[in-house]
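User: Hello! I am new to protein structures and would like to learn how to read one. Could you take me through this example?

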Amino acid sequence: MARKRDLKQFRQACREVGLSARERYDASEALHADKQSSGAHEHMTFEELVAWLREWKTTNG
């Protein structure tokens, strides 16, 4: 059940940041890679996710 909430939260954060569907896919891939490389398993808050997406968009958009 948590996965559905995380997905809904991710989509909402992407809308807030103004990502296109393609950017949302690319950001998702980058976020998973970033979490895997850092070994992070904890849940990001909505605010942390929005901040991460804004930073990602700045460097990749």
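**Reading the core, the salt bridges and the surface**

Analyst: Happily! The largest nonpolar core has 14 residues, and those with the most contacts inside it are Phe10, Leu19, Ala27, Leu49, Trp52 and Leu53. Helices α1, α2 (21-38) and α3 (46-60) each supply at least two residues of this core. Helix α3 gives the most to this core, with 6 residues. Before we go on, please note that this is a predicted model: local features need pLDDT of at least 70, side-chain atom pairs count only at pLDDT 80 or more, and totals for chains, interfaces and linings use all residues. Residues are numbered from 1 along each chain as its sequence is written, and side-chain values use heavy atoms, with hydrogens and water left out.

User: What is a nonpolar core, and what do you call a helix?

Analyst: A nonpolar core is a set of buried Ala, Val, Leu, Ile, Met, Phe, Trp, Tyr and Cys residues joined through side-chain atoms within 4.5 Å. Buried means under 20% relative accessible area, exposed over 50%, and partly exposed in between (1.4 Å probe, protein chains only). Helices are DSSP runs of H or I with at least four residues, numbered from the N terminus.

User: Is Leu19 buried or exposed, and where is it found?

Analyst: Leu19 is buried, with a relative accessible area of 11%. You will find Leu19 in the loop between α1 and α2. The C-alpha atoms of Leu19 and Lys57 are separated by 7.9 Å, though these residues are 38 residues apart along the chain.

User: How do I read salt bridges, and how many does the structure hold?

Analyst: Look for a side-chain nitrogen of Lys or Arg within 4 Å of a carboxyl oxygen of Asp or Glu. This structure holds 2 salt bridges. In one of them, the side chains of Glu16 and Arg54 meet at 3.8 Å, N to O. Glu16 lies in helix α1 and Arg54 in helix α3, so this pair ties together parts that are 38 residues apart in sequence. Glu16 is partly exposed at 46% relative accessible area, and Arg54 is partly exposed at 44%.

User: Which residue does Asp26 meet in a salt bridge?

Analyst: The side chain of Asp26 meets that of Arg22, at 3.2 Å from N to O. Asp26 and Arg22 are separated by about one helical turn, because they are 4 residues apart in helix α2. Asp26 counts as partly exposed, at 27% relative accessibility, while Arg22 counts as exposed, at 55%.

User: Which residues gather in a patch of positive charge on the surface?

Analyst: First, the idea: patches are made of residues with over 30% relative accessible area and no salt bridge, and like charges are joined within 9 Å. Lys and Arg count as positive. Here, Lys8, Arg11, Arg15 and Arg24 gather in such a patch. Helix α1 (residues 2-17) gives the most to the patch, with 3 residues. Arg11 lies in helix α1 and is partly exposed, with a relative accessible area of 41%.

User: Is Arg3 buried or exposed?

Analyst: Arg3 is exposed, with a relative accessible area of 67%. This residue is found in helix α1. The C-alpha atoms of Arg3 and Ser28, which are 25 residues apart along the chain, are separated by 14 Å.

Methods. Patches are made of residues with over 30% relative accessible area and no salt bridge: like charges are joined within 9 Å, nonpolar side chains (Val, Leu, Ile, Met, Phe, Trp, Tyr) within 5 Å. Accessible areas come from the Shrake-Rupley method with a 1.4 Å probe; for residues, only the protein chains shown count as cover. The place of a charge is taken as NZ of Lys, CZ of Arg, CG of Asp or CD of Glu.
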